[in-house]
Amino acid sequence: MQKILQEAIDNNRHWTAHGAVASYIPELAKENPDALGVCIYNIDNTTLCAGDSHTKFTIQSVSKVVTLICALMDKGKETVFSSVGMEPSADPFNSMVKLETRESHKPLNPFINAGAIVCTSMVQGDNGIEKFNRIHNMIKIMADNPAIDINQSVYRSEKLTGNTNRAIAYYLKGAGLIEKDVEDVLDTYFKLCSIEITALDVAKMASVIANNGITPWSNERLMSIEICRIVKAIMTTCGLYDSSGQFSVDVGLPSKSGVGGCIMAVAPQNMGIAVIGPALDSHGNSMAGKKVLEYLANELNLSIF
Ligand code: DON
């Protein structure tokens, strides 16, 4: 298996040259475009890593998985999906075009920015700090790593340049889909994107979902089987934005990408996988990371389809 992981990196490293690091947030432009790493956390508690797996990166939109989990735990399925849809958007992650054209103004799903901002506002907490702590704690518990924290430079950069997210959030507030202070919710969203993490952390988080909500290392139930089922379904249909369909054909695993270059993938009842490769394709997904996952899915026969 270690040999397959190493081959996945070696055979696909050249794809890093076909992508580019995110530059719309200036701090992200400083990431190493050549980095490529992978970690697997098996539910039998064995770990395998290859390539630049120790690279630290910001979690970015992979945090949207945990935000959705917390919103579902705190408010329940009916309430969450009364304000956010569960359909693929076929638009870029930060698009707002369908907010206005759809009659309900509801964001199409929890993984586009608009949907994640609404879910952030629904998480338990009287203010942004409490909501952030709730999701941050869940990330630390799911990754079994209490040291996980914000990268302050990325946070400042997100906040300074996050004008599209501001436009989205104010529109949602106007549509009555955000309950509390809109700037507070945005600040929480920016902080969540800026959480610094490693591939092993993300692989362990994915292993909890693969193990139907139970931590493989301590046998503790963190969320219900139903929440895992919902999250895996939305990861499959919406996790890679407007290339989720192609990714399902090529890889076939419930997954979630982030512009920091991480893709979290869940192989149900089997393993959590995380790839890191900051050079992105035009949809904001790791260029070489997708290829590494495709290689592993083929070699290890992982596709759920
Ligand atoms: O909302 C943003 O602009 C980012 N901080 C997070 C977006 C993201 O990771 C999209 N994923 N591919």
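Here is a short conversation about the ligand site and the cavity in this predicted model.

User: Happy to look at this with you! What makes Tyr 24 a polar contact of the ligand?

Analyst: The cut-off is 3.5 Å between N or O atoms. An oxygen atom of the ligand is 2.8 Å from an N or O atom in the Tyr 24 side chain, so the pair counts as a polar contact.

User: What about Gln 60 and Asn 113?

Analyst: For Gln 60, a ligand nitrogen is 2.6 Å from an N or O atom of the side chain. For Asn 113, a ligand oxygen is 2.9 Å from an N or O atom of the side chain. Both values are within 3.5 Å, so both pairs qualify too. As for cover, the ligand has 340 Å² of accessible area on its own, and the protein covers 98% of that.

User: Which residues surround the ligand most closely?

Analyst: The shell has 15 residues, and the closest are Tyr 24, Gln 60, Ser 61, Glu 158 and Tyr 189. By class, the shell holds seven nonpolar, seven polar and one charged residue.

User: Why is the ligand said to lie between two domains?

Analyst: Domain 1 (2–60 + 197–300) and domain 2 (61–195) both give residues to the shell, so the ligand lies between them. The space that the ligand takes is the largest pocket.

User: Good, now the cavity. What makes a space a cavity rather than a pocket?

Analyst: A 1.4 Å probe fits in a cavity but cannot get out, whereas a pocket is open. One cavity of 30 Å³ or more is found in the structure, and the largest cavity holds about 80 Å³ of space.

User: Which residues line the largest cavity?

Analyst: There are 13, with Ser 95, Lys 98, Leu 99, Leu 108 and Ile 112 nearest the centre. The lining comprises seven nonpolar, two polar and four charged residues.

Note on methods
Residues are numbered from 1 along each chain as its sequence is written. This is a predicted model: local features need pLDDT of at least 70, side-chain atom pairs count only at pLDDT 80 or more; totals for chains, interfaces and linings use all residues. Side-chain values use heavy atoms; hydrogens and water are left out. A residue is near a molecule or strand if one of its heavy atoms lies within 4 Å of it. A polar contact is a pair of N or O atoms within 3.5 Å; within protein, one must be able to donate a hydrogen and the other to accept it, and residues adjacent in sequence count only if both atoms are side-chain atoms. Accessible areas come from the Shrake-Rupley method with a 1.4 Å probe; for residues, only the protein chains shown count as cover. On a 1 Å grid over the protein atoms alone, a cavity is a set of points where a 1.4 Å probe fits but cannot get out, and a pocket is an open set with protein on both sides within 12 Å along at least five of seven lines; lining residues have an atom within 4 Å of a point. A molecule sits in a cavity or pocket if more than half of its atoms lie within 2 Å of its grid points. Ala, Val, Leu, Ile, Met, Phe, Trp, Tyr, Cys and Pro count as nonpolar, Asp, Glu, Lys and Arg as charged, and the others, Gly among them, as polar. Domain bounds come from an automatic or database domain assignment. Grid points are joined across faces, edges and corners, and a volume is the space filled by probe spheres set on the points.
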